[in-house]
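Biologist: Please take one place in this protein, look at it closely, and then lead me from there through the rest of the fold. I am in my first year, so a connected account would help me most.

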Amino acid sequence: MLEVVRIPVLSDNYVWLVHDQESGETMVVDPAVSGPILAEAEKRGWRITHIWNTHWHPDHTGGNAEIKEATGCYISGPAAEKDRIPTLDSMVKDGDQLRLGNHTADVMDVPAHTAGHIAFHFARDNIIFVGDTLFAMGCGRLFEGTAEQMYDNMQKLAALPDETLVYCAHEYTQSNGEYALVAEPDNMAIKARMDEVLALRIDGKATVPTTIGLEKATNPFMRSQDAAILAERRVAKDNF
Ligand code: ZN
Ligand code: FE
């Protein structure tokens, strides 16, 4: 079993601490910062052995150097962004595999938010870490890629089993949902989900992880029939 711990940092980032009980290995996905991550691991008696980065943005890599300094951990990230993540020990790309103990994650290229963005899919554990590519009822902004690429990413992710747990890197659900209600005014699943999301947020609670099945029902980007519709929706959301 992989144990996944959510660590909220900065204004709306989630850093994920992933522990494999069997081997004792502990991995951090996208450490925005170091202090709270090292503190959480220490509190649990876990030694951080790996960092995996989904993309180069500072709110996903900012803790790399200090966590490595403190723990000697090994850092893996996107080969296509190696020049922008100087702390990488190993460069990975689509089709590569990374291991945490006996658990294997397939690396998937999901470019668009950044040109080399990757995701980590633990197929046998039904877990995927998607960084800033897929959010609850949303998708990442198209900073270094196209709507066609993001459409392809959504199709690839939608093809995973419905029960796959999706760990994204930001708590954007409420704002995404407000746009989703406008994009698909007749979608009752979005309305029902938003009631739950608002209740959670009023209590300051997290709304992620989500699942592929829930996103297929409520995410206007994953539900876009083609790249042109996704492009329209992305522009509309940027200006929402
Ligand atoms: Zn980002
Ligand atoms: Fe981010």
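Modeller: In this predicted model, N102 is found in the loop between β7 (97-100) and β8. Is N102 buried or exposed? Its relative accessibility is 54%, and N102 therefore counts as exposed, since the cut-off for that word is over 50%. Apart from neighbours within four places in sequence, N102 is in contact with D20 and E22. A further comparison of positions involves G24: this residue is 78 residues away from N102 along the chain, yet the C-alpha atoms of the two are separated by 11 Å.

From this loop we may follow the chain onward to the metal site. Strand β8 covers residues 103-109, and the loop between β8 and β9 (118-122) holds H113. H113 is one of the residues that coordinate the zinc ion (ligand 1); its partners are H55, H57 and D132. The histidine donor atoms are NE2 of H55, ND1 of H57 and NE2 of H113, while D132 contributes OD, and the distances are 2.2 to 2.3 Å. The angles among these four donor atoms run from 88 to 170°, and the site is irregular. Written along the sequence, the spacing of the zinc donors is H-x1-H-x55-H-x18-D. Within that pattern, H57 and H113 link distant parts of the chain: H57 sits in the loop between β4 (50-52) and α2 (58-61), 56 residues from H113. Both H57 and H113 are buried.

Which residue bridges the zinc ion (ligand 1) and the iron ion (ligand 2)? The bridge is D132, and the two ions lie 3.2 Å apart. The iron ion (ligand 2) has as its protein donors D59 (OD), H60 (NE2), D132 (OD) and H170 (NE2), at 2.0 to 2.3 Å. Here the four donor atoms subtend angles of 85 to 169°, and the arrangement is therefore irregular. The sequence spacing of the iron donors is D-H-x71-D-x37-H. D132 lies in the loop between β10 (127-131) and β11 (134-135), whereas H170 lies in the loop between β13 (165-168) and α5 (173-183), so this pair ties together parts of the chain that are 38 residues apart. D132 counts as buried because its relative accessibility is 3%, where buried means under 20%. H170 is likewise counted as buried, because its relative accessibility is 3%.

Let us turn from the metals to the nonpolar interior. In soluble globular proteins, nonpolar side chains tend to be buried together. In this model the largest nonpolar core has 44 residues, and F120, F122, I128, F129, L134, M154 and L157 are those with the most contacts inside it. Helix α4 (residues 147-158) provides the largest share of this core, namely six residues. A second, separate core has 18 residues, including V15, L17, A41 and I67. Returning to the largest core, F129 touches V4, W16, V18, V29, T54, A119, F120, F122 and Y167, when residues up to four places away in sequence are not counted.

Helix α4 also meets another helix, α8 (residues 227-238): their axes come within 8 Å and cross at roughly 110°. This angle makes α4 roughly perpendicular to α8. The residues that meet are A147, E148, M150, Y151 and M154 in α4, and A227, L230 and A231 in α8.

Beyond α4, the chain leads to T164, in the loop between α4 and β13. T164 has a relative accessibility of 0% and therefore counts as buried. Leaving aside neighbours within four places in sequence, T164 is in contact with H121, N126, I127, I128, T210, T211 and I212. Among these contacts, N126 lies in the loop between β9 and β10. N126 counts as partly exposed because its relative accessibility is 23%. Its phi is near 55°, a positive value in a residue other than glycine.

Some other details of the backbone complete the account. D30, in the loop between β3 (26-29) and α1 (35-44), also has a positive phi near 55°. D30 is buried, with a relative accessible area of 3%. Finally, the peptide bond from V208 to P209 is cis, with omega near 10°, and P209 lies in the loop between α6 (188-202) and β14 (210-211).

Notes:
Residues are numbered from 1 along each chain as its sequence is written. Chains are lettered from A and ligands numbered from 1 in the order in which they are written. This is a predicted model: local features need pLDDT of at least 70, side-chain atom pairs count only at pLDDT 80 or more; totals for chains, interfaces and linings use all residues. Side-chain values use heavy atoms; hydrogens and water are left out. Donors are N, O and S atoms within 2.8 Å of the metal (3.2 Å for Na, K and Ca); water is not among the atoms, so sites may look incomplete. Four donors count as tetrahedral if all angles lie between 85 and 135 degrees; four count as square planar and six as octahedral if opposite donors are over 155 degrees apart and all others between 65 and 115; anything else is irregular. Helices (H or I, at least four residues) and strands (E, at least two) are DSSP runs, numbered from the N terminus. Buried means under 20% relative accessible area, exposed over 50%, partly exposed in between (1.4 Å probe, protein chains only). A nonpolar core is a set of buried Ala, Val, Leu, Ile, Met, Phe, Trp, Tyr and Cys residues joined through side-chain atoms within 4.5 Å. Contact means heavy atoms within 4.5 Å. Axes are lines fitted to C-alpha atoms, for helices over the stretch in contact, and angles run from 0 to 180 degrees between N-to-C directions. Angles under 35 degrees count as roughly parallel, over 145 as roughly antiparallel, 65 to 115 as roughly perpendicular and the rest as oblique.
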